[in-house]
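This report describes a protein chain, beginning with its overall form and then turning to one strand and one residue within that strand. Please keep the sequence and the model in view while reading.

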Amino acid sequence: MKKTALLVFTLVLVVCSVAFAEFPEKQITVVCPYAAGGASDTTSRIYASMLQKAVGVPVIVDNRTGSNGAVGMTYGAQAAPDGYTVSYMPAEISFNKLEGIGNVTPEDFRFLGIAMTIPAAITVKADSEWKTFEDFLKYAKENPGEITIGNSGSGSLWHIAAAAVEKACDIELEHIPYPAGASAAIAGLLGGEIDAVAVSGAEVSTYVADGQLRTLVVLGSNRCSAESLKDVPTTKELGYEVPAIEGWGGFAVPKATDDAVVAKLVEASKSAINSQEMIDLLASKGYEHVYKGGADADAYAKTKFEDNSKLVPTLKLK
């Protein structure tokens, strides 16, 4: 009886080893938790294209939207842990649960790699009376609550960015959410509905380049690489203790995915994320190419969640 059990166990190990050795054998799906056209979708699609070259099987993108990305991320976390469902991981994985949106956190995934960051920025119309960030703050201090600043939805990363400025600089702003996203907030600024926007530098760079908008400050760790924003200082450079607020994107699989499959996907993802095609596309959009792989990506995501666990409860997001 013991010999039979041992034989069965050995056969199972052999079958599993062969299966993992042959991975992948079929189509891989990349779940993007946001609609087509945005930063998350753009990054997901170039990654899918490059991953397909690396692994030799078809890789498609499946957009599953809703609840600030929680719908798609929950779907990805609950997918079969076989490596055939990869999820795009936006910055929202590091704070959604803290705001009562969905239940997933970085702990529900194993990260394959981080691909890019997008620093937040404060932008006004080019003909605004505020020529510098200091002008903006001076007016805000003298006129509490008068400046209307748009974001990409209540509780969104860009709402957090504006609220972080508000707290660190001791000012009061009137936050105007645009649930349709950053593009809607920018349209509101261009149309004169609001005074400013807190969105990424990448999302306003073309309007800055053509003279319609002016970016006053970048809230990231570094300046934005978009050509039209290269001379815009960061809050840190200006001496303000505003935490770096950046969108970021990476890729992950469900927590229970086998080590051998994860190792293969980490290596393939490294090739995809560091491909010249990925680097060039990100640069053309004003996104910052940043590669962190495997364990480093896991640590990055978990650190962001820990940082937000301290920051988010201190902000006025209601």
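## Overall form

How much area does the protein expose, and what share of it do carbon and sulfur atoms supply? The protein exposes about 14200 Å², of which carbon and sulfur atoms supply 53%, the areas coming from the Shrake-Rupley method with a 1.4 Å probe and, for residues, only the protein chains shown counting as cover. This is a predicted model, in which local features need pLDDT of at least 70 and side-chain atom pairs count only at pLDDT 80 or more, while totals for chains, interfaces and linings use all residues. Residues are numbered from 1 along each chain as its sequence is written, and side-chain values use heavy atoms, with hydrogens and water left out.

Of the 318 residues, 52% count as buried (under 20% relative accessible area, with exposed over 50% and partly exposed in between, using a 1.4 Å probe and protein chains only).

## Strand β3

Strand β3 spans residues 85-90, and 6 of its 6 residues are buried; strands are DSSP runs of E with at least two residues, and helices are runs of H or I with at least four, numbered from the N terminus. Thr85, Ser87 and Met89 lie on one side and Val86, Tyr88 and Pro90 on the other.

Strand β1 runs parallel to β3 and is joined to it by 3 bridges, with Val30 opposite Val86, whereas β9 pairs with β3 in the antiparallel sense over 4 bridges (pairing requires at least two DSSP bridges).

## Ser87

Ser87 counts as buried because its relative accessibility is 1%. Beyond its neighbours within four places in sequence, Ser87 is in contact (heavy atoms within 4.5 Å) with residues including Val31, Phe109 and Phe251.
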